Amino acid sequence: MRRRVAISILGTTLDAGRGERWKRWRPTIALCQQQGLFIDRLELIHGRKSEGLAREIIADIETVSPATEVRRHLVEMKDPWDFSEVYTSLREFARTYAFDPDREDYLVNITTGTHVAQICWFLLTEAHFIPGRLLQLSPPRGRPTGDDVSGGHSIIDLDLSRYDAIATRFAAEHDEATSFLKSGIATRSPVFNAMIDQIERVAIRSRAPVLLTGPTGAGKSQLARRIYELKKAQHQVSGAFVEVNCATLRGDQAMSTLFGHVKGAFTGAQSDRPGLMKAADKGVLFLDEIGELGLDEQAMCLRAIEEKRFLPMGSDRDRSSDFQLIAGTNRDLSQRVREGSFREDLFARLNLWTFRLPALRERKEDIEPNLDFELRRFAERERQNATFNKEARELYLAFAVAPDAPWPANFRDLSASITRMATLAPQGRINEVTVRDEISRLIGRWSADRAEVAGPERLLNNLLGSERMEQLDLFDRAQLAAVVAVCRESRSLSAAGRMLFSVSRTAKTSGNDADRLRKYLARFQLRFEDLSDAPGER
């Protein structure tokens, strides 16, 4: 049978029992007098100023429960109402205590000590830093009869599964938070829903940067704002949500926009500018398309993330900003690290929590609930109600979820499509004629987009897929398209290499053009054999 061990802070007021101490309720004494709750050992925590009271309490415990062993622990807390100090002190006690849960049953007494100490006991036990249960003592009701002033007790097990009401409430709050992140949309994709569950836990429990990846239009900006609103509802942030599209920032403008500048920092800087990082103090900074930042801006961002400090342009004094970061990108940042265009240390800092938002074509089961969501948004925005008739709804959904529906702009495509139909609907009723017109419009637009991908560019799209194409800069696409065109016309890897490197190879005493070309293609996971059906040397 396991020994029962109680952990308790000495109550400097209640345990003193001023006056006739044996006729007053003293929690630490009462702890050792509970019916059916024999305490084998009491770990008594007190400060240096309470040593006299501690000795008196131990002597009284020996009177009422001589078989209870009492161990004293000197834990000095200058301000018992300072949360940081109290938590740190009790956490250190828990860290150094030799717990043996296989042989001992631990009860943490939350009756004595300040309210701050009681909260800290709860947090340490709930987080399993202390492998035990909470114990709450209560004084006797009314006037105690005789000499019995021990009162009662209750033991609180923090395993929520044993408390149906608490567990139900916890589950409801979790569902409410995940629904909030999904804008109230009853999404059906198991992969997406599992990702949102993880994001909800990370948003509530972590201040670390979050990286949202995925194609343009997948909903990164909207999700970032919902994460901010969830954090604000949880009182984790009090500042603003500041969104920056890094793709629009270039040169001095990037530095000034992000980090601010002082008057005279550059031509046209006629006054100080605090910058958007300062504007995000105590709030959330969303750096959308972070892969487009230059290397200098990346270096300053890394310092701002790690140290919460940055240097405005033209200033010799640091500024501080305690923001939480969410970053978004449609690029493959690991590929950009290999290419040298993105800092490896910044990527490592962002990559703790990375969530990839799938394209719409990967979660077509969510088109129907998003259709209803877009209709609600239209009604709120335009103050006009619009609905589908049954046949029109079925016709549109059959088209929308078809395997060959590409939805290249993802949810932006879907939102624009619903908005057009709701606007054109006769008397707010979307009928089959309206749907057929919209389907024709989408097919025409998508066909035109595909037609623009001509020649080698179209071949690249077939080789890499549209998602990987979206992750390449226009420069890389143009260069790779030219290389692919030469490879398609060449009989061998060496022949293609000689043509592509005809100028630079003359400056070398020796060179392996084939190997040089092979390594270039490997950067894009391509092989010469995949590009040409012509026989010959490989």
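**Reading the terms in a predicted model**

Me: Is the crossing of α13 and α15 left-handed or right-handed?

Reply: The crossing of α13 and α15 is right-handed. This statement, like the others here, concerns a predicted model.

Me: Why are α13 and α15 called oblique to each other?

Reply: The axes of α13 (residues 367–382) and α15 (residues 411–424) cross at roughly 55 degrees and come within 9 Å. Roughly parallel requires an angle under 35 degrees, and roughly perpendicular begins at 65. The value falls between these limits, and α13 and α15 are therefore oblique.

Me: Which residues of α13 and α15 meet, and how are they classed?

Reply: On the α13 side, I367, N370, L371, E374, L375, R377, F378 and R381 take part, and they meet F411, L414, S415, I418, T419, A422 and T423 of α15. By class, this contact has eight nonpolar, four polar and three charged residues.

Me: How do you know that E438 is buried?

Reply: E438, located in helix α16 (residues 432–452), has a relative accessible area of 1%. The limit for buried is under 20%, so E438 qualifies. Beyond residues up to four places away in sequence, E438 touches Y396, S417, R420 and M421.

Me: What makes K282 partly exposed, and E289 buried?

Reply: K282 has 43% relative accessibility, which lies between the limits of 20% and 50%; K282 therefore counts as partly exposed. E289 has 12%, which is under 20%, so E289 counts as buried.

Me: What are the phi values of K282 and E289, and where do these residues lie?

Reply: Most residues other than glycine have a negative phi. K282 is not a glycine, yet its phi is positive at about 70 degrees; K282 belongs to the loop between α9 (276–279) and β9. E289, also not a glycine, has a positive phi of about 55 degrees and sits in the loop between β9 and α10.

Me: What makes up the largest nonpolar core?

Reply: This core has 30 residues, of which L258, M277, L285, L287 and L350 touch the most other members. Elements that each supply at least two of its residues include β8 (241–245), α8 (251–259), β9 (284–288) and α10 (295–307). Apart from this core lies another, of 25 residues, among them L360, L371, L442 and W446.

Me: Which residues are in contact with L285, leaving aside its neighbours within four places in sequence?

Reply: L285 is in contact with V242, V244, L276, M277, A280, F323, Q324, L325 and I326.

Key
Residues are numbered from 1 along each chain as its sequence is written. This is a predicted model: local features need pLDDT of at least 70, side-chain atom pairs count only at pLDDT 80 or more; totals for chains, interfaces and linings use all residues. Side-chain values use heavy atoms; hydrogens and water are left out. A nonpolar core is a set of buried Ala, Val, Leu, Ile, Met, Phe, Trp, Tyr and Cys residues joined through side-chain atoms within 4.5 Å. Buried means under 20% relative accessible area, exposed over 50%, partly exposed in between (1.4 Å probe, protein chains only). Helices (H or I, at least four residues) and strands (E, at least two) are DSSP runs, numbered from the N terminus. Contact means heavy atoms within 4.5 Å. Axes are lines fitted to C-alpha atoms, for helices over the stretch in contact, and angles run from 0 to 180 degrees between N-to-C directions. Angles under 35 degrees count as roughly parallel, over 145 as roughly antiparallel, 65 to 115 as roughly perpendicular and the rest as oblique. A crossing is left-handed if the near helix is turned anticlockwise from the far one by less than a right angle, and right-handed if clockwise. Ala, Val, Leu, Ile, Met, Phe, Trp, Tyr, Cys and Pro count as nonpolar, Asp, Glu, Lys and Arg as charged, and the others, Gly among them, as polar.
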